[in-house]
Amino acid sequence: MLTPDLQRILQQRPLGLVFDIDGTISPIAPTPEEARLYPGMAELLQRARDCQGVKVGIITGRTVQSGAAMVNVEGLTYIGTHGLEWSDGLPSSSQIQLVPEALRYAEPGKQLLDLVEQKLTDIPGLRIERKQVGGAIHFRLSPDPQEALQRVSQLLTEPARQLNMRLEEGKMMVEVRAPREVAIDKGKALRRFVQRKDLQGVIFAGDDLTDLDAIKEVASLRKEGIAACSIAVKHADTPSNVLKQADITVEEVAGLAALLREILAAL
Ligand SMILES: O=P(O)(O)OC[C@H]1O[C@H](O[C@H]2O[C@H](CO)[C@@H](O)[C@H](O)[C@H]2O)[C@H](O)[C@@H](O)[C@@H]1O
């Protein structure tokens with residue numbers, strides 16, 4: 001049953017429906033490559049895209065290439081690497097734009113990931129996912145993920161400080177990111193999406209710490225008169241702050257799919 005607030009938001013046009021990928025429209029998988037959209041999700045996104053005055057956005061920590069390959073629905077806006085990359089449509093039909101200030105952090109990011117590759121060969125199951133700027137060090141498949149996290153942090157904390165790069169923990173991984181002065185995160189990306197599409201209403205759904213920036217931005221947008229709502233997708237490991245600060249909570253990716261079906265019926 002849609003809340004009165006949600007029903008009011010759904011009457012706004014243009015209306016934005018914005019989703020994170022992993023843990024939100026795709027259940028968490030052992031590796032990034034094995035992750036797939038929740039069954040039926042691509043069709044729901046297509047139906048949303050085809051609604052009059054509705055703009056669908058994907059804001060992910062993955063690169064645009066990787067996120068768009070997974071979602072593979074034309075006509076959505078794909079925003080990757082936590083906001084650093086932007087593509088209006090699939091990258092096969094639209095050029096990916098990278099925030100120009102971020103480019104100078106490509107080399108320091110690469111150096112940190114090289115260091116992990118050279119020095120932590122003894123940790124079984126460690127995987128490196130490289131992005132145009134920085135990347136993720138995954139330890140979900142390590143027999144002792146806690147130890148792997150400690151070893152990665154020990155190795156990278158000081159070099160990251162020297163290279164002015166950010167280390168951020170995600171689900172069973174550490175992400176090497178451009179520093180905060182590049183001033184792009186999922187919150188800023190959401191605001192940019194709202195501004196570029198001139199949205200009067202927006203709904204954002206996410207499940208992890210990096211989604212918190214977007215969840216907080218929803219609250220700011222609301223104060224500025226945009227009809228906005230944030231949805232937390234709850235899993236056993238969803239950070240408590242995400243659950244506390246979101247307006248609505250749904251259980252698992254299945255819960256989001258069910259809510260999206262209701263939203264589409266109302267649209
Ligand atoms: O912002 P998101 O779309 O949620 O992306 C966050 C990170 O997601 C991916 O890693 C996570 O999902 C994997 C597949 O389910 C899982 O194996 C891994 O343990 C998770 O951390 C992705 O690989 C990262 O690049 C994203 O930053």
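In what order do the 8 strands of the open sheet run? Let me start there, and good morning, everyone. What you have in front of you is a predicted model, so please keep that in mind as we go.

The order is β5-β4-β3-β2-β1-β10-β11-β12, and the pairing in this open sheet is mixed. At the edges stand β5 and β12, each with a single partner strand, so one side of each has no neighbour in the sheet.

Let's walk in from the β5 edge. Strand β5, residues 97-98, pairs with β4 in the antiparallel sense over 2 bridges. If you want a pair to click on, Glu 85 stands opposite Leu 98 in β5. Moving on, β4 (residues 85-88) is joined by 4 bridges to β3 (residues 77-80), and these two run antiparallel. Here Ile 79 is opposite Trp 86 in β4. The two strands make a hairpin with 4 residues between them, and Thr 81, in the turn, has a positive phi of about 45°.

Now jump over to the β12 side of the sheet. Strand β10, residues 201-206, pairs with β11 in the parallel sense, over 6 bridges. Ile 203 faces its partner Cys 229 in β11. To get from β10 to β11, the chain passes through helix α7 (residues 212-223), and this β-α-β crossover is right-handed.

Then we do something similar once more. β11 and β12, the latter being residues 248-251, are a parallel pair with 4 bridges. Two of the residue pairs to look at are Ile 231, which stands opposite Ile 248 in β12, and Lys 234, whose bridge partner in β12 is Glu 251. The connection from β11 to β12 goes through helix α8 (residues 240-245), and this β-α-β crossover is right-handed too.

And is β11 itself covered or open? Strand β11 covers residues 227-234, and 6 of its 8 residues are buried, so I'd call the strand mostly covered. 

On to the other sheet. This one is open as well, with 4 strands in the order β6-β7-β9-β8 and antiparallel pairing. Its edge strands are β6 (127-130) and β8 (166-170), each of which pairs on one side only. On average, neighbouring strands here are turned by 20° against each other, direction ignored. Between β6 and β7 there are 4 bridges, in the antiparallel sense, and Arg 130 stands opposite Gly 135 in β7.

Next, the ligand. Which two domains give residues to the shell around the ligand? They are domain 1 (4-99 + 184-266) and domain 2 (102-181), and because both contribute, the ligand lies between them. There are 24 residues around the ligand, and those that come nearest are Ile 21, Asp 22, Pro 32, Thr 60 and Gly 61. By class, the shell has 9 nonpolar, 7 polar and 8 charged residues. Two strands we have just met come back here: β7 (135-138) and β9 (173-177) each supply at least two residues of that shell.

Before I finish, a few backbone details. As a reminder, most residues other than glycine have a negative phi, and most peptide bonds are trans. With that in mind, where in this model is there a cis peptide bond? Look at the bond from Arg 13 to Pro 14, which is cis with omega near -10°. Pro 14 sits in the loop between α1 (4-10) and β1 (15-19).

There are also two positive phi values to show you. Asn 164 is not a glycine, yet its phi is positive, at about 55°. You will find Asn 164 in the loop between α5 (145-162) and β8. Is Asn 164 buried or partly exposed? Asn 164 counts as partly exposed, because it has 13 C-beta neighbours inside 10 Å, and the buried class begins at 20.

Met 172 is the other one to look at: not a glycine either, and with a positive phi of about 55°. Met 172 lies in the loop between β8 and β9. With 18 other C-beta atoms within 10 Å, Met 172 is partly exposed.

That's my tour, and I'm happy to go back to any part of it. Thanks for listening!

Definitions and conventions:
Residues numbered from 1 in each chain as written. Predicted model: local features only at pLDDT ≥ 70, side-chain atom pairs only at ≥ 80, totals over all residues. Near = placed C-beta within 6 Å. Nonpolar A, V, L, I, M, F, W, Y, C, P; charged D, E, K, R; others polar. Domains from an automatic or database assignment. Buried ≥ 20, exposed ≤ 12 C-beta atoms within 10 Å, placed from the backbone. Pairing = 2+ DSSP bridges. Right-handed = clockwise from strand over helix to strand, strands pointing away. Axes fitted to C-alpha atoms, helices over the stretch in contact; angles between N-to-C directions.
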